[in-house]
Amino acid sequence: MSRLPPGATLGILGNGQLGRMLCLAAAPLGFRTHVYGPDKNSPAELVATSSTVAPYDDEAALAAFARAVDVVTFEFENVPAHAAAFLSARTQVRPTYKALEVAQDRAQEKAFFAKIGAKTADWRPVNSEPDLKAALEDISGPAILKTSRLGYDGKGQVKIKSAAEAGSAWQALTGGQTTHSNGAFAVLEGFVDFSCEISVIAARDVSGALMCYEPAENVHANHMLATSTVPARLDPKIAAEAESIAKRAIEALDIVGLLAVEMFVTRSGDILCNEMAPRPHNSGHWTMDACGTDQFQQLVRAVTGLPLVDPARHSDARMINLVGDDVERLDSYLADPAAHLHLYGKTEARPGRKMGHVNILSPRSG
Ligand code: AMP
């Protein structure tokens with residue numbers, strides 16, 4: 001596939017808020033969008049040119065979707081392997097499933113970071129309660145037990161303070177069920193006493209050209225991203241190393257698209273990689289108002305065969321996630337010319353549900 005002309009259709013697997021912002025970014029470049037996902041009236045469906053509402057295992061719907069689009073990308077990494085393989089046999093899927101597979105599994109992800117010379121917290125694969133006890137002996141001090149797959153925003157995680165908690169932690173993670181896994185069902189990670197959390201989003205186009213957004217400093221609350229701030233308060237050497245890790249990772253995975261890498265910076269200045277996602281990322285939403293070209297448009301450019309562009313941050317920014325009933329208190333943002341509001345079109349504000357975000361800009365400080 002060469003460069004797609006205006007009027008071509010970008011297919012997006014998944015129809016949540018990331019898909020919505022991707023559709024909005026595709027429009028100024030002249031592209032149509034077709035979103036595919038199981039939920040009706042989803043954030044993306046409300047703004048896409050067309051939409052298929054069907055489960056990910058509906059082969060007839062997937063085949064029709066593949067015929068209707070010129071290229072497919074995705075807005076979340078837990079795309080079932082079968083759906084990705086089915087689509088890849090019929091149309092161009094960017095990035096390829098190989099990148100998804102690594103990011104879907106924490107154990108594979110950590111092994112991958114080691115392969116590219118990046119550090120992680122000390123960790124062990126865990127498939128049983130005896131495994132967990134042994135791992136807790138190896139990793140002394142507090143630790144976090146995480147399911148390898150399908151965990152997000154703190155779901156599928158248990159903090160463990162001492163080896164005496166092994167039984168209750170294993171029970172909490174598995175619900176007492178016998179676990180089955182081809183690789184590691186869970187990983188035990190040493191608890192990192194970090195000085196800050198950062199993330200870097202890298203982009204790569206069809207020619208292999210790379211660019212990357214500077215690190216954002218992230219603060220989490222209740223296991224969920226609360227704010228991202230740029231510039232991050234980082235030693236320039238640490239910032240450069242973080243960017244180098246993201247670039248090495250996107251290249252090693254041969255991704256055409258985006259890769260977001262989340263990292264801890266320790267008090268001694270080490271960078272420990274936590275996880276990665278081959279898609280637009282919540283911690284990159286600041287780019288929507290603080291840069292000439294945001295993460296969504298960069299992804300559209302990459303997967304449609306257009307060149308990437310220097311994103312040139314023109315402002316400092318703080319992104320604040322609007323979660324649950326935060327969305328009922330918008331008046332101060334609506335009155336503030338520095339506040340750029342992005343709501344996702346969700347009508348029901350449940351606790352813990354991401355309803356939107358706001359980017360607060362100030363003149364660039366450095
Ligand atoms: P995760 O689902 O792995 O992204 O974890 C969500 C958040 O929990 C992270 O962004 C951290 O704030 C915290 N967290 C996860 N793993 C660790 C760890 N090993 N040490 C300290 N904090 C952690």
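**Ligand contacts and aromatic pairs in a predicted model**

Modeller: In this predicted model, a nitrogen atom of the ligand lies 3.1 Å from a backbone N or O atom of Gly190.

Biologist: What makes this pair at Gly190 a polar contact?

Modeller: The cut-off for a pair of N or O atoms is 3.5 Å, and the Gly190 pair, at 3.1 Å, lies within that limit. An oxygen atom of the ligand is also 2.7 Å from a side-chain N or O atom of Glu275, and a ligand oxygen is 3.3 Å from such an atom of His220. The protein buries 93% of the 480 Å² that the ligand exposes when taken alone.

Biologist: Why is the ligand said to lie between domain 2 and domain 3?

Modeller: Domain 2 (122–190) and domain 3 (194–363) both contribute residues to the shell, so the ligand lies between them.

Biologist: Why is the pair of Phe112 and Phe113 called tilted?

Modeller: By the pairing rule there are seven aromatic pairs. In this one the ring centres are 6.1 Å apart, within the 6.5 Å limit, and the planes stand at 55°, neither under 30 nor over 60 degrees, so the pair is tilted.

Biologist: What makes the pair of Trp170 and Phe185 edge-to-face?

Modeller: The planes of Trp170 and Phe185 stand at 75°, which is over 60 degrees, and the centres are 5.9 Å apart, so the pair is edge-to-face. Trp170 belongs to helix 7 (residues 166–174) and Phe185 to the loop between helix 7 and strand 9, so the pair ties together parts 15 residues apart in sequence.

Biologist: Why does Trp170 count as buried?

Modeller: Its relative accessible area is 9%, and buried means under 20%, so Trp170 counts as buried.

Note on methods. Residues are numbered from 1 along each chain as its sequence is written. This is a predicted model: local features need pLDDT of at least 70, side-chain atom pairs count only at pLDDT 80 or more; totals for chains, interfaces and linings use all residues. Side-chain values use heavy atoms; hydrogens and water are left out. A polar contact is a pair of N or O atoms within 3.5 Å; within protein, one must be able to donate a hydrogen and the other to accept it, and residues adjacent in sequence count only if both atoms are side-chain atoms. Accessible areas come from the Shrake-Rupley method with a 1.4 Å probe; for residues, only the protein chains shown count as cover. Domain bounds come from an automatic or database domain assignment. Rings of Phe, Tyr and Trp (its six-membered ring) pair if their centres lie within 6.5 Å; planes under 30 degrees apart count as stacked, over 60 as edge-to-face and the rest as tilted. Helices (H or I, at least four residues) and strands (E, at least two) are DSSP runs, numbered from the N terminus. Buried means under 20% relative accessible area, exposed over 50%, partly exposed in between (1.4 Å probe, protein chains only).
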